[in-house]
Each structure stands twice: as structure tokens, then as C-alpha cells.
Amino acid sequence: MIAPIIALFARRLLVAIPILLVVSALVFAVLRILPVDPAAMSMPPNATKEEIELKRQQMGLDRPLPQQYAIWLGETLKGDLGTSIHFRRSVAGLIGETLPSTIELAGLAMLFATVLGFAGGLLLFHLRESWRGEAADLGSTALMSTPDFLWGLIFILAFGVAWPILPFTGRLASSFPRPVHTGFLLLDTLIEGRLDMFMDALRHMLLPAAALGIAFSVPIMRVLRSSLYEVDRADYIMQARLRGVSEGRILLRHSLKNAVLPTLTLTGVQFGFLFGGTLLIEVIYSYPGLGNLMVDAVRNADLPIIQGVALAYAAVVLLINMIVDGLYLVLNPKLRAA
């Protein structure tokens, strides 16, 4: 089983490299078209034209665009994404600090979406051909029509203002010292052996993760229900009913096992979209993640950060797709035999 998975990852990695190159080149070119002078922005307000021009030469901005990109790409391959114009810090360091926060948030949100999606899909299938099924389908349509940022605002008003039971800003209460081991706060609090700190960090993540998860759960519900419809008409399901097997056993032991594969594929795709969709939620909840860093960079026209964050988003989404493909290969023996 291991050899096909390794071969799959090798193929996906070979495909991912040119994709990342295209993304980086596109972002680099688009940002250079904007009427923004990184050299002038990196200098003090009282800098002279000569000093700004010297800075432009030092940054390589006086060279042709392809040469600028080649220089930037060479430094990126060495792990140097440049220096932030606004924060005056290494872009790689800033991304390293904020990326774990966004991965944690997206992971918890995907857990919400998967649990809610599978539970909702099973419920929609169970209530099929009844008025309750029609009502449930209408409810899922209403959920799908509500964007994630609106869920975020609703949750703040409901559980942060009207019934203040959950925090809705930041990542950890100010009374706790921030542990720094891996960058993943939930893991770091467990390494510290601080269950109280772990629960506080989890409470800070519940509202933004739920807002993201609900918005992305409905497609999972619908694909699972459609897959169960198709499997339900298979011959072996009919034979199981003729043998007197209960509907619950048929659903959980036979139908769900075969209907889960296309749902898994969609879940992986949804995770990629969900990871990119954290940006607005992080801003709404003042969550210190990659999305908030990107918004600050756009607000301050911080081109090095915008380039680095865009590349990080693309790399993480490609990695997610590779992992999903690997899981699909593990769960589907026919692909391993092909």
C-alpha cells in the first residue's frame, strides 16, 4: 500500500512545482503593475529623491521585471521571502508565526463541517420522500445561502453580546502567558500541561470555527445524500433487504461505506476553499492568523508580505489536495490495483 501512495505524492509534487511557479510569477507581475513604489514606502517620510533612488537600486527595482522576478525567486528558494515594508521584519518569520494559527482554525472548522455535513447528509437521506425531508432540504438551502462572514456576525451578536458565553476576539485570554513551542497554540498548551489554557484557547476558536464550518458543511451534506441515493439502488443493497437486514445496518455497514469516497473528495476540495476563506473570519474575530496578516499587508501596500502569503496559501492548498488524494488511494483498493 505504501509504494502507490509514495508514487502518488511524487507525481503530485512534480505537478505542484510548476503550479507554484506560475502562481508566484502571476502575483509578482500583478503587484508590480500597481502604482506603488516599495522603495519609497520603505524609506522615512523625509527621505530625498536620491536616497529613494539608491534604495530602488539596492532592491533591484530599476531592473527589468523578468530579472526582478528571477532575483526574488532565487532568494525565495533559499528561504528568504524578503523584509516587510511595514513591520520591518522577515516575511518568512511573520508567516511562520501566523500560519499555524490559520491551520488550527481551518482544521477545527473542517471538523465542524465534516461532522455537521455527514450528520446532515444521513438525516436528509433518512427523511427522503417525506414532508420532513422537504423541510430539511429547504433548511440546508437556507444554510448554503448564508455566507460565512454573516454567520460570524450572527454568532458574535448571539453568543458574545446577547448571551456572553464565549470570547470573540483574539486567540488567548490576556491573563495567560503565550506558550511558544510549535506555533500551534492548542498543541503548545498541552505540551505545557495547562488544560485550563487549552480550554481557553479552544473557547476562543469555537465561534470563528463554527461560522466557517457551517458555511462549508452543506455541500458535504448534499453530496453524501446523492451518493447514498445511488448506492441505495445497487443490487447488493436490494439483496440485503431481501435477507431481512435492518435499514440502519444497511445504511451504516454497506451504503455509507461506498458513498463516503466521493464525499471525501469533496471534503478535501472544501478544505482548500475553507483555508482560503479564513481571511474574512480572522478579520471579524481579530484572530491573529495568516488572513489578518494579508489584510494588514494590503492596507499598507506591503508587497513582500502579499507575495509571501499568496505563495503560502497556494502551497498549503496543494498540500491539502495531495493528502486527500492519498487518503482516497488508501480507502479505494481499486485505485491501488490499477
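This is a short tour of a predicted model, with suggestions on what to select at each stop.

**Stop 1: the largest nonpolar core**

Start by selecting Ile95, Phe155, Leu290 and Val309. In the largest nonpolar core, which has 53 residues, these four touch the most other members. Now colour the helices that give two or more residues to this core: α5 (91-126), α7 (148-162), α8 (185-191), α9 (195-232), α11 (247-276), α13 (290-299) and α14 (303-331). Which of them gives the most? That is α9, with 13 residues.

Apart from this core you can find another one, made of eleven residues. To see part of that second core, pick Phe125, Val231, Ile237 and Ala259, which are among its members.

**Stop 2: Phe155 and its neighbours**

Go back to Phe155 and zoom in. Leaving out residues up to four places away in sequence, Phe155 touches Gly160, Leu207, Ala210, Ala211, Ile214 and Tyr285. Show those side chains together with Phe155 to see the contacts.

Next, add Phe159 to the selection. The rings of Phe155 and Phe159 form a tilted aromatic pair, 5.9 Å from centre to centre and with 50° between the planes. The two phenylalanines are four residues apart in helix α7, so about one helical turn separates them.

Are these two partners buried or partly exposed? Phe155 counts as buried because its relative accessibility is 9%, under the 20% cut-off. Phe159 has 32% relative accessibility, so Phe159 counts as partly exposed.

**Stop 3: helix α13 and its two ends**

Select residues 290-299, which make up α13. Why is this helix largely enclosed by the rest of the structure? Seven of its ten residues are buried, and therefore the surrounding structure encloses most of it. The buried ones to highlight are Leu290, Gly291, Asn292, Leu293, Met294, Val295 and Ala297. You have already met Leu290 as one of the residues with the most contacts to other members of the largest core.

Now look at what flanks the helix. Most residues other than glycine have a negative phi. Just after α13, though, Ala301 takes a positive phi of about 50°. On the other side, click on Ser286, in the loop between α12 (278-284) and α13. Ser286 is not a glycine either, and its phi is also positive, at about 50°. With 43% relative accessibility, Ser286 counts as partly exposed.

For one more positive phi, jump to Arg88, where the value is near 60°. You will find Arg88 in the loop between α4 and α5.

**Stop 4: an aromatic cluster**

The model has seven aromatic pairs. Select Phe28 and Trp72 to see a tilted one, with 5.8 Å between the centres and 40° between the planes. This pair links distant parts of the chain: Phe28 sits in helix α1 and Trp72 in helix α4 (residues 65-77), 44 residues apart. Both Phe28 and Trp72 are buried. Add Tyr69 as well, since ring pairs link Phe28, Tyr69 and Trp72 into a cluster.

**Stop 5: the cavity**

Keep Phe28 and Trp72 on screen and add Val23, Ser24, Val27, Gln307 and Leu311, and you have the lining of the largest cavity. How much space lies inside? About 30 Å³. The count of cavities of 30 Å³ or more comes to one.

Among the helices, α1 (2-33) and α14 each supply at least two residues of this lining. The biggest share comes from α1, with four residues. By class, the cavity lining holds five nonpolar residues, two polar ones and no charged ones.

**Stop 6: the second largest pocket**

For the last stop, select Met110, Phe271, Ile320, Ile323 and Val324. Of the 17 residues that line the second largest pocket, these lie nearest its centre. The volume of this pocket is about 280 Å³.

Which helices should you show around the pocket? Try α5, α11 and α14, each of which supplies at least two lining residues. If you colour the pocket lining by class, you will get 13 nonpolar and four polar residues, with no charged ones.

Notes: Residues are numbered from 1 along each chain as its sequence is written. This is a predicted model: local features need pLDDT of at least 70, side-chain atom pairs count only at pLDDT 80 or more; totals for chains, interfaces and linings use all residues. Side-chain values use heavy atoms; hydrogens and water are left out. A nonpolar core is a set of buried Ala, Val, Leu, Ile, Met, Phe, Trp, Tyr and Cys residues joined through side-chain atoms within 4.5 Å. Buried means under 20% relative accessible area, exposed over 50%, partly exposed in between (1.4 Å probe, protein chains only). Contact means heavy atoms within 4.5 Å. On a 1 Å grid over the protein atoms alone, a cavity is a set of points where a 1.4 Å probe fits but cannot get out, and a pocket is an open set with protein on both sides within 12 Å along at least five of seven lines; lining residues have an atom within 4 Å of a point. Grid points are joined across faces, edges and corners, and a volume is the space filled by probe spheres set on the points. Ala, Val, Leu, Ile, Met, Phe, Trp, Tyr, Cys and Pro count as nonpolar, Asp, Glu, Lys and Arg as charged, and the others, Gly among them, as polar. Rings of Phe, Tyr and Trp (its six-membered ring) pair if their centres lie within 6.5 Å; planes under 30 degrees apart count as stacked, over 60 as edge-to-face and the rest as tilted.
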